[in-house]
Amino acid sequence: MAAIQESNNMITTSPVKLRTRPITATLILIGGLAALLLSMAVSVSFGAAKIPLSLVWEAIFQFNPNITEHNIIQELRLPRVIGGAMIGASFAVAGAIMQGMTRNPMADSGLLGINAGSGFVIALCFAFFPGLSFSMLIIYSFIGAAMGAIIVFGVGSLAVGGLTPIRLVLAGAAVSALLIALSQGIALYFRIGLDLAYFYAGGVAGTKWSQLKIMLPWVVGALITAMILSRSISLLSLGEDIAAGLGQRTKLVKFVGIVVVLILAGSAVSVVGSVGFIGLIIPHLTRYLVGVDYKWIIPCSAILGSLLVVLADLCARMINPPYETPIGALIAIIGVPFFLYLARKERREL
Amino acid sequence: MEHSPIFVASSQRKKKSFIILGIMILLIIIAFIISMNSGHMKLGPMTVLKTLFGYGTKQQSTILFEFRLPRIVISMLVGAGLAVSGCILQGISRNALADPGILGINAGAGLMVMLYISFFTTATIGSIFLVPVLALIGAGATAALIYTLAYKKNEGISPIRLILTGIAVAAGISSVMIVLTLRLNPDKYQMVATWLAGSIWGANWSYVLSLLPWIVILIPLAMYKAKIMNVLSLGDQTATGLGAPIEKERIILLAIAVGLSGASVAVSGGIGFVGLIGPHLAKRIVGPKHQFLIPTSALVGSLLMLVSDTVGRVILQPSEIPTGIVVAVLGAPYFLYLLAKSKS
């Protein structure tokens with residue numbers, strides 16, 4: 001009912017021509033990329049042991065295993081920074097796709113049950129196999145994420161009439177609530193809540209090359225698919241009827257879109273836990289800056305998301321060294337005031 | 001408005017809705033009796049009835065009147081309050097995902113409770129009386145903050161701005177909570193986690209008395225506003241066209257929603273799911289007309305909370321499962337089943 005009313009509303013109010021700002025978008029892409037590279041370099045050189053940028057350069061291009069600093073950079077800092085950038089891009093693009101497909105400004109990747117599924121399986125692991133290694137946990141976490149998404153997708157498409165946006169959103173909210181409740185129950189019963197909190201607060205600190213090697217091809221593939229899909233998502237964001245009327249195969253687009261979101265958000269969640277806020281704010285911010293065309297929203301979201309996570313991680317290490325502040329908290333501290341400002345200025349619905 | 005073609009309910013539909021309301025009340029009464037019977041000390045249905053009318057032994061009446069009855073009444077009131085609050089919020093924001101959580105009420109109350117537990121309390125006895133008060137303060141303050149941030153001089157409150165502001169403030173508060181979590185020792189953490197998961201822990205008559213006025217005044221008020229909500233849920237343009245003073249009505253309705261959920265969360269902890277799922281279940285039973293939707297939401301919420309609290313109390317005796325967890329475990333599969341069965 002609400003969906004029908006909303007789509008009617010969209011038809012009457014949506015402008016004939018999509019409002020886009022290609023020039024701003026290009027500037028963001030170029031400037032954002034430069035800022036990202038710079039902040040990654042700074043992030044590699046800062047830390048408990050300060051390492052000058054020249055040494056960073058050497059460590060990357062003329063690696064010498066006998067120099068301690070080179071080892072720190074190669075084994076600890078580089079994977080961490082690259083991981084941060086990848087995670088930021090993944091969450092942001094996943095969020096942008098979800099918001100575009102469901103036409104709900106509250107949507108993010110968490111709605112597919114990904115965060116909740118991963119959290120549930122991690123809680124099970126902590127409760128029943130306490131000694132599990134970090135790399136095993138990541139694999140289990142990904143399995144959990146996929147499980148959550150399959151349940152949501154399955155229930156959503158079981159119904160007569162198939163997977164409508166409103167149904168996806170509701171199924172996602174219900175499955176997430178169920179899995180979160182089960183994880184809470186396990187955490188309370190086995191008294192492992194605090195351990196879990198520490199695990200998730202760790203952020204990108206423990207990122208290893210081996211993880212990145214597994215993640216990278218998937219994430220890159222998914223990002224490219226997202227770009228290819230961007231035109232279809234722009235259409236879908238006008239409303240499913242309009243998209244279908246314009247000759248789009250909406251079912252196929254939605255299916256591919258969901259798979260892309262699963263890969264992106266699933267791998268990101270498995271590394272840092274659910275820092276869902278990135279997937280929520282970055283697409284809003286990007287839409288505010290570049291307009292409503294997903295051809296620009298998706299790449300710009302990726303860049304801005306990376307930038308946010310790399311900066312947040314840098315701050316996390318600098319605020320109270322040698323201790324690290326939870327990265328999720330920092331992202332919220334950077335993101336919340338900004339998001340509030342946007343919420344005040346923004347007048348469009350989506 | 002009564003004769004607007006969209007809302008002309010055939011008398012058949014009206015009759016059906018009344019029958020459904022009757023069935024819901026019957027179910028609640030059955031659940032009520034079962035809940036009275038079950039617990040650590042088992043009392044048969046006849047004993048319960050006898051005790052209720054004053055013919056039980058001293059021990060029986062203590063169990064019934066001092067422990068079980070207040071708790072049952074509180075869970076029913078909380079369920080009704082949260083569900084109606086969710087119903088109002090979904091109606092005025094026209095967003096299916098809206099629940100009392102978007103007003104930051106759970107987050108604000110949770111933060112206050114966490115601050116209190118982490119910095120002040122060493123004993124748990126005093127906190128039983130202080131925690132609900134603090135939670136209510138936290139919930140009210142957060143709602144006021146969100147409202148202020150979302151308010152614009154010439155435009156008032158738009159639903160989308162309210163939702164986005166709510167999300168942002170809730171995210172900010174929960175990040176503060178993450179940082180606080182890491183400072184807690186395991187015992188205190190366990191207390192906070194139990195509260196956040198939602199449990200009716202301080203159940204006595206003084207809580208019932210503190211919650212009752214909110215529910216008894218605000219739910220009928222919401223029902224009185226049902227027609228306005230029907231119009232508002234058509235969208236701002238249509239509502240304005242039909243002559244509704246949308247801004248004023250929206251503020252009143254928001255205040256009702258905040259009052260209901262703030263008072264409920266104060267005694268029950270973070271049970272947001274009732275507020276999300278209650279109105280949706282009700283909508284699938286009686287349709288979108290608020291005259292029936294609001295009372296049905298209240299009944300569905302009461303029933304869900306009552307059953308969940310009973311199950312949580314009984315299933316792992318002598319320890320308890322937080323009600324919020326049981327609500328999700330019982331409510332979510334049923335909701336998913338309805339979702340899968342429904343036509344688009």
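## Notebook: chains A and B

I began with the secondary structure of chain A, which comes to 14 helices and 0 strands. I note at the outset that I am reading a predicted model. Following chain A along its sequence, I wrote down the pattern α-α-α-α-α-α-α-α-α-α-α-α-α-α.

I then looked up burial in chain A and found that buried residues make up 55% of its 350 residues. For contacts in chain A between residues at least 6 apart in sequence, I noted that 78% join residues at least 24 apart.

Next I turned to where the two chains touch. I found that the contact takes 49 residues from chain A and 50 residues from chain B. On the side of chain A that touches chain B, I listed helix 1 (2–13), helix 6 (134–158), helix 7 (165–190), helix 8 (193–201), helix 12 (277–290) and helix 14 (327–345), each of which supplies at least two residues. Which helix of chain A gives the largest share of that side? I found that helix 7 of chain A does, with 16 residues. Sorting the residues of this side of chain A by class, I recorded 35 nonpolar, 9 polar and 5 charged.

I moved on to a pair of helices within chain B. Helix 3 (residues 58–93) of chain B and helix 13 (residues 290–314) of chain B pack at an angle of about 140°, and their axes are 7 Å apart. Because angles over 145 degrees count as roughly antiparallel and those from 65 to 115 as roughly perpendicular, I entered helix 3 of chain B as oblique to helix 13 of chain B. I also noted that the crossing of helix 3 of chain B and helix 13 of chain B is right-handed. From helix 3 of chain B the contact includes Arg71(B), Ser75(B), Gly79(B), Leu82(B) and Cys87(B), while from helix 13 of chain B it includes His290(B), Ile294(B), Ser297(B), Gly301(B) and Asp309(B). By class, I recorded 15 nonpolar, 7 polar and 2 charged residues in the contact of helix 3 of chain B with helix 13 of chain B.

Last, I looked at helix 7 (residues 186–197) of chain B, whose 12 residues reach 16 Å from the first C-alpha to the last, close to the 16 Å expected at 1.5 Å a residue. Which residues of helix 7 of chain B are buried? I listed Tyr189(B), Met191(B), Val192(B), Ala193(B), Thr194(B), Trp195(B), Leu196(B) and Ala197(B). Just after helix 7 of chain B, I noted that Gly198(B) takes a positive phi of about 90°.

Methods:
Residues are numbered from 1 along each chain as its sequence is written. Chains are lettered from A and ligands numbered from 1 in the order in which they are written. This is a predicted model: local features need pLDDT of at least 70, side-chain atom pairs count only at pLDDT 80 or more; totals for chains, interfaces and linings use all residues. Axes are lines fitted to C-alpha atoms, for helices over the stretch in contact, and angles run from 0 to 180 degrees between N-to-C directions. Helices (H or I, at least four residues) and strands (E, at least two) are DSSP runs, numbered from the N terminus. Angles under 35 degrees count as roughly parallel, over 145 as roughly antiparallel, 65 to 115 as roughly perpendicular and the rest as oblique. A crossing is left-handed if the near helix is turned anticlockwise from the far one by less than a right angle, and right-handed if clockwise. Two residues are in contact if their C-beta atoms, placed from the backbone, lie within 7 Å. Ala, Val, Leu, Ile, Met, Phe, Trp, Tyr, Cys and Pro count as nonpolar, Asp, Glu, Lys and Arg as charged, and the others, Gly among them, as polar. The expected span of a helix is 1.5 Å times one less than its number of residues. A residue is buried if 20 or more other C-beta atoms lie within 10 Å of its own, exposed if 12 or fewer, and partly exposed in between; C-beta atoms are placed from the backbone.
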